[in-house]
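Please open the model in your viewer and follow the selections below in turn, pausing at each stop to look at what is described.

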Amino acid sequence: MSRQRMSYDGVAVAVPVTVPYVRYSTRSAHWFVAQALQALIKTSGLSKDQIDGLCLSSFSLAPDTVVGVTQHLGLSPRWLDHMPTGGASGVMCLRRAARAIQAGDASVIACVAADTNHVDSFRQTLGSFSNFSRDATYPYGAGGPNSVFAFITDNYMRSFGARREDFGRIAVDQRTNALKNSNALFKKPLTMDEYMRARPVADPVHLFDCVMPCAGAEAFLVMGQERAQDLGLAHVVIRGTIERHNAFADDPVMYRGGWLVDRDDLYAQADATPGDIDFVQTYDDYPVIVMMQFEDLGFCAKGEGPAFVNSHSLTYDGSFPHNTSGGQLSSGQAGAAGGFIGMTEAIRQLTDSADKRGVSGAQLGLVSGYGMVAYDRCVCTGAVILGRSA
Amino acid sequence: MTLPIQRPDRKNPVTATRQSNLPPTERGRVALGMTAGAARGVFELQVCTDCGCVQYPPREACGQCLSVDLKWQAQNGAGNLLSSTTLHHSNDLYFRDRLPWRLGLVQLDAGPTVMTHLHGEVGQAPMRVQVGARLDRAGQAVLITYPEQGGTHMADDKILREMTSDPKYRKALVTDGKTALGQAIVKALILAGADTVWVGQSEPWKQADGLLEIASMPQVFLVPLDLTDGRSVTELAGEIGGKVDMVINNAEMHRNHGIAGRRGTDSAKAEMEINYFGLLRLAQAFGPALAARAADGTTHATAWVNLLSIYALNNFPAHGTFSASKAAAYSLAQCLRAEMQPSGIRVINVFPGPIDDEWNQQIAPPKLSPESLAAAIIKALRDGVEDVYPGDIAQEWLQRWRDNPKALEREISKNGA
């Protein structure tokens, strides 16, 4: 009999920070980490020394890890973690930081995801992303994740009768959301017609199914709730959270993800049902994965994703507010920060700081993560339900 | 159905020749096990000795039971196509120049799901397909999916042709037309659709059997070529080097003795002059021109074939100095392969057992007929393999050598001297 899981009570998640995205940067990732930390300090009123824990997610620090960053930026934390899990790193950093706070190993932890993007860095990242991708996917057309997700999309469309238009619903509504987010790289509306007419990248994946790589950072602070109150910081609480890696490894092609394994646990922790969730921030590397998250997190049954997106509006003011910042598809993918963008947005939504795209009356928000193509799919999944602090 | 490729138009001498580029070359050490199989034309995957689980991608330990005892074993390649895509964008120059490019995801009957290139005759998923391993232009193993039943012109598929060196419409140099083997190679090349075959003859004033018949074929041009003479090689390269798509170096000198059987070094030197230095001269003169034309249209320069000998792996004392010269040539051929790799020119090493010719009169059968050796060379070009061991003797030696090289050495020294 394993021990009863401890709740995440008493942990506050606060100070969502976004370092503005740029398409290309000549700076290194360290520059973006520094910008994020500086913003965390300014906004929180804490001094640099008072942040005694750091959890970092980045692809472009090499040869450094979080270790080199501490000396580079003159930090002396008593708790340090490096989370090389990309799209799942937001949820995973939060989980680890929360436990460290509860255990007293640190009092204020900065969770930071930052990446730079040089003109040639995306191509270089692809070729050396993992042993499996170097040996078994990159030599096949060097399409990067586009080809892997083209297979997954093709299979999903055939298995469940999804059409391109269904995926278009996700992309088009996210663009509407992005227009209310001054940091989004895409500034023009996207019509369904434009979505459908976009050039093919890797059939059936077309241009607006793909994220635009860019440079930038996302960050937030994790601390005890009392500390947050003392500092007068608006914050949210963790109602439940899960992670799962390499789930359903025997599925010959991915049609479901690790969320499905643990979702009952997730909702039980939060004492909530999918119907109680006021908004969802999914990991949107490709729309097909968004649809799987809707299904696997219980918003609709497997295979009903297409019907679900057609019976809901997915804008911030719609019947199912989703990726209210515009997500990666419309804001850009700042490397590992793509795994944090849903988290910072959810904190903003639940602390009434989401600007003109606020989801009115939101009490509970779900953030899910999906990260790291090792071979033919991403390996890491996670999710968290965040709530307004009482 | 694949449309047959057309004979290319004459090259416009004013347009720039397309420069060669390669698909991604990087592989981990374990993954090179698949390249070792593909170099011989075999599709092998790692199989767990403890639980039988077939592994992919290549790895250090069984994904099922964590055993580190994984052996490369031949696969039949049968499977189901799960999904396909056509790439319209690539991050790599090689593919960018060749878009659109089709890929497929296949679940092998043996278990794993593999990402592969798709032959043009493969339709939409779901369907039964056949997966095979090939060397790509970088010389690394890749998987390609074929239809269960291929059409007549299947070899002309755009993606498959990137992995093969089909003689069809190509121009070849065969370095020695005076031997029965050389003539068999010329005939086989023409049968395979070669456009032009330049056939080398040394000492043209000496008549050789069969040469007139070869010379009467419209595709054949006899050219003076003496591999022992640097000037002769350079002159010929100056004349035809910029047009040759494949070099087949079959010229060899073969004497039957070891060390004690003949005093002096004259005949051993003569063997080295052709078998080793001849290859060196030829490679210096023709190699750069071949490399420069490795992406020159549909019938670009593509391959270099070396006639070695199974005796290059282990000395056959009865033909000891010949074996030594072939071992030297083998080593140089590896150097040539390394130097040709950046261009994508495939270096094919052929290791036949004894050929049924005048220098193997005392060797008991089975011996390799010139025709079957020529056929094996054409097959190697079409299959895009790198190392070929034609004939029963070569196959047997190879197995014994792979199993235990020291045991083979002892066995040969007992029986052979």
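Begin in chain B of this predicted model by selecting helix H6 (residues 230-240) and helix H8 (residues 277-292), whose axes come within 9 Å and cross at roughly 15°. Angles under 35 degrees count as roughly parallel, and H6(B) and H8(B) are therefore roughly parallel to each other. Looking at the pair, you will find that H6(B) passes H8(B) in a right-handed crossing. To see the contact itself, show B:Gly230, B:Val233, B:Thr234 and B:Ala237 on the H6(B) side, together with B:Arg281, B:Leu282, B:Ala285, B:Phe286 and B:Ala289 on the H8(B) side. Coloured by class, the residues of this contact between H6(B) and H8(B) divide into six nonpolar, two polar and one charged.

Next, stay in chain B and select helix H7 (residues 266-275) and helix H9 (residues 320-340), which pack at an angle of about 30° with their axes 9 Å apart. That angle makes H7(B) roughly parallel to H9(B). The crossing in which H7(B) passes H9(B) is right-handed. From H7(B), display B:Ser267, B:Ala268, B:Glu271, B:Met272 and B:Asn275, which meet B:Thr321, B:Phe322, B:Ser325, B:Lys326, B:Ala328 and B:Ala329 in H9(B). By class, the contact of H7(B) with H9(B) has five nonpolar, four polar and two charged residues.

Now turn from the helices to a sheet of chain B, and select its seven strands in the order E11-E10-E9-E12-E13-E14-E15, which form an open sheet with parallel pairing. At the edges of this sheet are strand E11 (220-224) and strand E15 (387-388) of chain B, each of which pairs on one side only. For one pairing in detail, isolate strand E9 (residues 171-174) and strand E10 (residues 196-201) of chain B, which run parallel and are joined by four bridges. Within that pairing, label B:Lys171, whose bridge partner in E10(B) is B:Thr196. Then add helix H10 (residues 370-383) of chain B, which lies across strand E12 (246-249), strand E13 (303-307), strand E14 (346-350) and E15 of chain B, and which runs at about 150° to E14(B).

With these elements in view, zoom out and colour chain B by its two domains, domain 1 (32-161) and domain 2 (171-416). The centres of domain 1 of chain B and domain 2 of chain B, taken over C-alpha atoms, are separated by 31 Å. Nine residues from domain 1 of chain B and eight residues from domain 2 of chain B take part in the contact. The side of domain 1 of chain B that touches domain 2 of chain B has, by class, four nonpolar, two polar and three charged residues.

Before leaving chain B, bring chain A into view and select the interface, where 33 residues of chain B are in contact with 32 residues of chain A. On the side of chain B that touches chain A, strand E4 (78-87), strand E5 (101-108) and strand E6 (113-118) of chain B each supply at least two residues. E4(B) gives the most to this side, with six residues. By class, the side of chain B that touches chain A has 15 nonpolar, 14 polar and four charged residues.

Move across to chain A and colour its domains, which the domain assignment gives as domain 1 (11-119 + 215-231) and domain 2 (121-210 + 236-388). Here 23 Å separate the centres of domain 1 of chain A and domain 2 of chain A, taken over C-alpha atoms. The contact takes 35 residues from domain 1 of chain A and 39 residues from domain 2 of chain A. On the side of domain 1 of chain A that touches domain 2 of chain A, the largest share, eight residues, comes from E1(A).

Finish with the open sheet of chain A, selecting its nine strands in the order E3-E2-E4-E7-E1-E8-E11-E10-E9, with mixed pairing. Strand E3 (79-82) and strand E9 (279-281) of chain A stand at the edges with a single partner strand each, so one side of each is left without a neighbour in the sheet. From one strand to the next, the twist averages 20°. As a last selection, pick strand E1 (residues 11-22) and strand E8 (residues 235-245) of chain A, which run antiparallel and are joined by three bridges, and label A:Ala14, whose bridge partner in E8(A) is A:His235.

Note on methods
Residues numbered from 1 in each chain as written. Chains lettered and ligands numbered in written order. Predicted model: local features only at pLDDT ≥ 70, side-chain atom pairs only at ≥ 80, totals over all residues. Axes fitted to C-alpha atoms, helices over the stretch in contact; angles between N-to-C directions. Parallel < 35°, antiparallel > 145°, perpendicular 65-115°, else oblique. Left-handed = near helix turned anticlockwise from the far one by under 90°. Contact = placed C-beta atoms within 7 Å. Nonpolar A, V, L, I, M, F, W, Y, C, P; charged D, E, K, R; others polar. Domains from an automatic or database assignment. Pairing = 2+ DSSP bridges.
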